[in-house]
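Welcome! Please take a moment to look over the sequence and the model before reading on.

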Amino acid sequence: MSELTKVTVNLTPAAEAALTRLAVVQRDTRTDALNRALRLAALMLDLAPDGHFTLVQPDGSVDRVHLV
């Protein structure tokens, strides 16, 4: 079994609602939802280290998506 680390966090009401929503939609525990969200955030940072994506559409137009 993998080693686990217990953490305590203080969430804003909006973050707590988002975490609960993720857990409900994915039919997971809040712990699993938070683990998934953290892995996704790290992936987004790896894919877009400057905080944005540049998307080229099939018609050649370019869109920039900023991560907040």
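The report below walks through confidence, the packing of two helices, the salt bridges and a few single residues.

**How confident is the model?**

What you see is a predicted model. The mean pLDDT of the protein is 93, and 99% of its residues reach 70 or more. Confidence is highest in helix α1, with a mean of 96. Strand β1, which covers residues 52–56, is where confidence is lowest, at a mean of 91.

**Two helices that pack together**

A good place to begin is the pair of helices α1 and α2. Helix α1 spans residues 13–26 and helix α2 spans residues 30–47. Two packed helices are described by the angle between their axes and the distance between the axes. For α1 and α2 the angle is about 105° and the axes are 8 Å apart. Angles of 65 to 115 degrees count as roughly perpendicular, so α1 and α2 are roughly perpendicular to each other.

Which residues make the contact between α1 and α2? From α1 come Glu 16, Leu 19, Thr 20, Leu 22, Ala 23 and Gln 26. From α2 come Arg 30, Ala 33, Leu 34, Arg 36 and Ala 37. Sorted by class, this contact has 6 nonpolar, 2 polar and 3 charged residues.

**The salt bridges**

Side chains of opposite charge can pair when their charged atoms come close. How many salt bridges does a search of the whole structure find? The search finds 2, and both are set out here.

| Salt bridge | Closest N and O atoms | Relative accessibility of Arg | Relative accessibility of partner |
|---|---|---|---|
| Arg 30 with Glu 16 | 2.6 Å | Arg 30, 38% | Glu 16, 31% |
| Arg 36 with Asp 28 | 1.9 Å | Arg 36, 28% | Asp 28, 29% |

Take the pair of Arg 30 and Glu 16, whose closest N and O atoms are 2.6 Å apart. Arg 30 lies in α2 and Glu 16 in α1, so this pair ties together parts that are 14 residues apart in sequence. Arg 30 counts as partly exposed at 38% relative accessibility, and Glu 16 counts as partly exposed at 31%.

In the other pair, Arg 36 forms a salt bridge with Asp 28. Arg 36 is partly exposed at 28% relative accessibility, and Asp 28 is partly exposed at 29%.

**A closer look at Arg 30**

Arg 30 is worth a second visit. Leaving aside residues up to four places away in sequence, Arg 30 touches Glu 16, Leu 19, Thr 20 and Ala 23. Those four residues also appear in the list of α1 residues that make the contact with α2. Looking along the chain instead, Arg 30 and Asp 46 are 16 residues apart, and their C-alpha atoms are separated by 24 Å.

**The loop between the helices**

Now turn to the loop between α1 and α2, where Arg 27 is found. Is Arg 27 buried or exposed? With a relative accessibility of 79%, Arg 27 counts as exposed, because the cut-off for exposed is over 50%. The backbone of Arg 27 has a phi near 55°, a positive value in a residue other than glycine. Arg 27 and Val 7 are 20 residues apart along the chain, with 22 Å between their C-alpha atoms.

Thr 29 is found in the loop between α1 and α2 as well. Its relative accessible area is 45%, and Thr 29 is partly exposed. From C-alpha to C-alpha, Thr 29 and Leu 19 are 9.6 Å apart in space, with their positions 10 residues apart in sequence counted as separation.

**Further along helix α2**

One more residue to find is Ala 41, in helix α2. Ala 41 is partly exposed, with a relative accessible area of 46%. Ala 41 and Pro 13 are 28 residues apart in sequence, and their C-alpha atoms are 20 Å apart in space.

Technical notes
Residues numbered from 1 in each chain as written. Predicted model: local features only at pLDDT ≥ 70, side-chain atom pairs only at ≥ 80, totals over all residues. Heavy atoms only, no water. Salt bridge = Lys/Arg side-chain N within 4 Å of Asp/Glu carboxyl O. Helix = DSSP H or I, 4+ residues; strand = E, 2+ residues; numbered from the N terminus. Buried < 20%, exposed > 50% of the residue type's maximum accessible area, 1.4 Å probe, protein only. Axes fitted to C-alpha atoms, helices over the stretch in contact; angles between N-to-C directions. Parallel < 35°, antiparallel > 145°, perpendicular 65-115°, else oblique. Contact = heavy atoms within 4.5 Å. Nonpolar A, V, L, I, M, F, W, Y, C, P; charged D, E, K, R; others polar. pLDDT = per-residue confidence, 0-100.
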